[in-house]
Amino acid sequence: MEGGASIDMFSKVLENQLLQTTKLVESHLDSEIQKLDQMGEDELELLKEKRLEALRKAQQQKQEWLSKGHGEYREIPSERDFFQEVKESEKVVCHFYRDSTFSGNLMEPPFQSQKKFGTHFTKVEKKTIRGKKYDSDSDDD
């Protein structure tokens with residue numbers, strides 16, 4: 001019996017919190033609607049221009065990302081090309097793989113499906129990177 005009573009009390013408290021939150025959000029929306037209703041033609045035109053400028057900037061940023069290779073998943077053929085491409089992007093996800101291993105191929109489909117702008121998705125085969133650790137052909141590195 002006590003368990004049922006505590007559940008009822010908990011549900012009433014939760015219901016109360018949801019009601020308060022809903023009222024708060026509703027009052028905020030009402031004040032925003034009231035502001036928009038009181039705006040004059042000039043203020044609305046200014047708001048429209050700001051929004052258009054923001055859309056232009058977003059489109060320009062998207063074009064810049066496209067020119068840097070964002071939105072596609074491709075292989076980088078050499079170590080020099082890797083550093084050249086990576087230094088131009090703020091966020092990079094690089095898949096270092098080896099054709100001879102099965103686990104490296106498991107990551108291919110999720111990366112191919114990434115069309116996210118703002119993050120550059122690439123892949124590099126391990127043998128194209130020079131260095132003592134990556135020159136070996138063993139699977140334990």
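Surface patches are taken here as groups of residues with over 30% relative accessible area and no salt bridge, in which like charges are joined within 9 Å and nonpolar side chains within 5 Å. In the predicted model described here, a negative patch that meets this definition is formed on the surface by E41, D42, E43, E45 and E49. One of these residues, D42, belongs to helix α2, which spans residues 41–67. The relative accessibility of D42 is 69%, and because the threshold for an exposed residue is over 50%, D42 is classed as exposed.

The chain contains 6 helices and 3 strands, and these elements follow one another from the N terminus in the order α-α-β-α-β-α-α-β-α. Of its 141 residues, 19% count as buried, a class that is reserved for residues with under 20% relative accessible area.

A second kind of patch, nonpolar in character, is made by F10, L14 and L18 and has an area of about 330 Å². Among its members, L14 is found in helix α1, which comprises residues 2–38. With a relative accessibility of 43%, L14 counts as partly exposed, since this value falls between the limits of 20% for buried and 50% for exposed residues.

Two helices also carry the charged pairs considered next. The structure holds 2 salt bridges, where the criterion is a side-chain nitrogen of Lys or Arg within 4 Å of a carboxyl oxygen of Asp or Glu. In one of them, the side chains of E32 and K35 meet with an N to O distance of 3.5 Å. Both residues lie in helix α1, where a separation of 3 residues places them about one turn of the helix apart. E32 has a relative accessible area of 32% and is therefore partly exposed.

A salt bridge is likewise formed between R56 and E53, whose closest N and O atoms are 3.4 Å apart. These two residues are both located in helix α2, again with a spacing of 3 residues, or about one turn of the helix. R56 is partly exposed at a relative accessible area of 46%, and E53, at 36% relative accessibility, is also assigned to the partly exposed class. Helix α2 thus contains both partners of this salt bridge as well as D42 of the negative patch.

Aromatic contacts were assigned from ring geometry, with ring centres required to lie within 6.5 Å of each other, and by this rule the count comes to 2 aromatic pairs. For F82 and F83, the ring centres are 5.1 Å apart and the planes stand at 75°, so the pair is edge-to-face, the cut-off for this class being an angle over 60 degrees. F82 is buried, its relative accessible area being 12%. Together with F96, the residues F82 and F83 form one aromatic cluster.

A further buried aromatic residue is Y73, with a relative accessible area of 14%. Y73 lies in strand β1, which covers residues 73–75. Although Y73 and H120 are 47 residues apart along the chain, their C-alpha atoms are separated by 7.9 Å in the model.

Key
Residues are numbered from 1 along each chain as its sequence is written. This is a predicted model: local features need pLDDT of at least 70, side-chain atom pairs count only at pLDDT 80 or more; totals for chains, interfaces and linings use all residues. Side-chain values use heavy atoms; hydrogens and water are left out. Accessible areas come from the Shrake-Rupley method with a 1.4 Å probe; for residues, only the protein chains shown count as cover. Lys and Arg count as positive and Asp and Glu as negative; His and the chain ends are not counted. The place of a charge is taken as NZ of Lys, CZ of Arg, CG of Asp or CD of Glu. Helices (H or I, at least four residues) and strands (E, at least two) are DSSP runs, numbered from the N terminus. Buried means under 20% relative accessible area, exposed over 50%, partly exposed in between (1.4 Å probe, protein chains only). Rings of Phe, Tyr and Trp (its six-membered ring) pair if their centres lie within 6.5 Å; planes under 30 degrees apart count as stacked, over 60 as edge-to-face and the rest as tilted.
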